[in-house]
Amino acid sequence: MHRVRALLTLAILLPMAGVAAAQPADPYANPPASGPTPVPVPVAPPPATAADPAMADRVATALVDRAQELLDTKSYLDAKQLAVESLVRSPRGPAADHARKIIHAVNLQLGIPEDAPKPPPPPPPAPPKKDDVDTSKIEDPTLSTTPAPAPETGLPSPKLAASVHGAIYAGLIGTTIGAFFSDATPAKGAVPMGIAIGAAGALVLPRVVDRLGWTEAQTRTVGSATIWGGAIGGFAAHVADTEGITAREVLVTASITATVAGAGGLLLNQNRPLTRGDVALVDTFAGIGAAGGLTIGMLMQPARHAAYSLNAILGISGGVVGGLIAAPQVNTTPRRMLRVAGLAALGGGAPFLLYAAIRDPNSKADERVTGALASIGLVAGAYLGFRLTHGMDDGLDTLDGKKHDADDAPPAIVGRSSTGQWGLGGLGVQPLSPQLSSQHGMSFSLLGGAF
């Protein structure tokens, strides 16, 4: 009986043991020590660090240098793109100001308007104290109280240039006409007529320039031609008259030469337009030439006073020709040339203070010394002015935003461009071709053209 109970008990326990052995393993149990090696998960590399500021400045400087070269070759769009890229790379670096000047110059050349600079935002108001009550006036936010920004200085102003040059030229013509009112006292008619017609010219010429659509450079080209043409004519009248000269003769000659020179300025505007800086350079060189001719006359002490006028004519002519030749090679603006002319005048005028101290009515040595020092001072002052203003207004020597015909004529005194425009060129000196001569030498081109 006991054996039968034991067997029954064993028969019941065996199926329970099988069920216990078949239960699933704990999924949260620790994995076995042995088994396949887990695959590593790839980790993304750390983000790239910001660019080196020094490297960005160097790249920006290289871009600006290339942009300046493109601007000099009149590739305006490419120059502006490189300048903008330079600003993006280094907006506050050493080349940033140069890049902005190039962008401004291209915008002027292509006639692209620029937005006025926005005023800086006002500082945030101080937080009120606990015991303070805000009693300030409530303003309408839709009404702008910010003053308009001041206009940029040095911008082209053709009306102002026309007013100044018109007054000078018309005043010369009026003075000449008034001098014929009286043979005994020409000044009685010359002075009031000069003032009246000069004032009329100052009022009428700006309207004419505005109607023609001239730029300041074109206006100053014609006006400068009338001034120096009239000066040469007045001095020439003094040189030509051997028996004495009257003021009426000087005025007539000056009026004629001023009118002819003004016509030459009109022709120059059509064939070889100048920039404002070019005209300022010609004016500076012509003024230095005129003053230098007179101071060299003091050094020479000629027997006839007409030699002073001849020296002045040579000085003005040399200054005009030299300015026209040098203008395309240098970057000049009216602001820069004003400083150069001022230092030249200071250098040429300073020796006359010494002349007041050493003047001797019984000797010519004092005048010779003063003339020599003044001549040297003119040249030294001009040289110092160019050195001190080197780099001023780079990229601003442009044609006032106007597009002109191509100037691709070969170097020659008189040249023809591929568009059919004739004009005065530069000195065309080049090595002599072996096909023309078996000897070595140089050739001087008088006429050249592109077709």
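So, aromatic pairs: how many does this structure hold? Just one aromatic pair, and please keep in mind that we are looking at a predicted model. The partners are phenylalanine 285 and phenylalanine 386, and their arrangement is edge-to-face. For those of you who like geometry, the centres are 6.3 Å apart and the planes make an angle of 65 degrees. That clears the edge-to-face criterion, because the planes need to be over 60 degrees apart for that label.

Where do these two rings sit in the fold? Phenylalanine 285 belongs to helix α9, residues 276-300, while phenylalanine 386 belongs to helix α13, residues 365-388. The pair therefore ties together parts of the chain that lie 101 residues apart in sequence. Are the two rings buried or exposed? Neither, as it turns out: phenylalanine 285 is partly exposed at 24% relative accessible area, and phenylalanine 386 is partly exposed too, at 22%.

Let me stay with phenylalanine 285 for a moment. Setting aside neighbours within four places in sequence, its contacts are Gly319, Gly322, Gly323, Ala326 and, of course, Phe386. There is also a C-alpha distance worth noting: phenylalanine 285 and alanine 382 are 9.2 Å apart in space, with their positions 97 residues apart in sequence.

Another aromatic ring takes part in something else. The charged end of arginine 248 sits over the ring of phenylalanine 180, at 4.9 Å from the ring centre.

Now let's step back to the whole chain. It has 13 helices and five strands. Of its 451 residues, 31% are buried. If we take contacts with a separation of 6 or more, 71% of them involve residues 24 or more positions apart. The accessible surface comes to about 29,400 Å², and carbon and sulfur atoms own 65% of that.

On that surface, there is a nonpolar patch of about 440 Å². Which residues make the patch? They are Leu203, Val204, Leu205, Val208 and Leu212. Leucine 212 is part of helix α6, which covers residues 187-212, and with a relative accessible area of 52% leucine 212 is exposed.

For a contrast, have a look at alanine 254 in helix α8, residues 247-271. Alanine 254 is buried, at 7% relative accessibility. Beyond its neighbours within four places in sequence, alanine 254 touches Leu172, Gly230, Gly233 and Gly234. Its C-alpha atom is 8.1 Å from that of alanine 237, a residue 17 positions away along the chain.

Last topic, and one for the backbone fans: positive phi angles outside glycine. Lysine 74 is one of these, with phi at about 65 degrees. Lysine 74 sits in the loop between α2 (53-72) and α3 (76-89), and counts as exposed, with 54% relative accessibility.

Glutamine 301 also has a positive phi, about 50 degrees, without being a glycine. Which loop holds glutamine 301? The one between α9 and α10 (306-326). Is glutamine 301 buried or exposed? Its relative accessibility is 18%, so glutamine 301 counts as buried, since the cut-off is under 20%.

And that brings us back to helix α9, where we met phenylalanine 285. Thanks, everyone, and I'm happy to go back to any of these residues on the screen.

Conventions. Residues are numbered from 1 along each chain as its sequence is written. This is a predicted model: local features need pLDDT of at least 70, side-chain atom pairs count only at pLDDT 80 or more; totals for chains, interfaces and linings use all residues. Side-chain values use heavy atoms; hydrogens and water are left out. Helices (H or I, at least four residues) and strands (E, at least two) are DSSP runs, numbered from the N terminus. Buried means under 20% relative accessible area, exposed over 50%, partly exposed in between (1.4 Å probe, protein chains only). Contact means heavy atoms within 4.5 Å. Accessible areas come from the Shrake-Rupley method with a 1.4 Å probe; for residues, only the protein chains shown count as cover. Rings of Phe, Tyr and Trp (its six-membered ring) pair if their centres lie within 6.5 Å; planes under 30 degrees apart count as stacked, over 60 as edge-to-face and the rest as tilted. A charge sits over a ring if NZ of Lys or CZ of Arg is within 6 Å of the ring centre and within 35 degrees of the ring normal. Patches are made of residues with over 30% relative accessible area and no salt bridge: like charges are joined within 9 Å, nonpolar side chains (Val, Leu, Ile, Met, Phe, Trp, Tyr) within 5 Å. A salt bridge is a side-chain nitrogen of Lys or Arg within 4 Å of a carboxyl oxygen of Asp or Glu.
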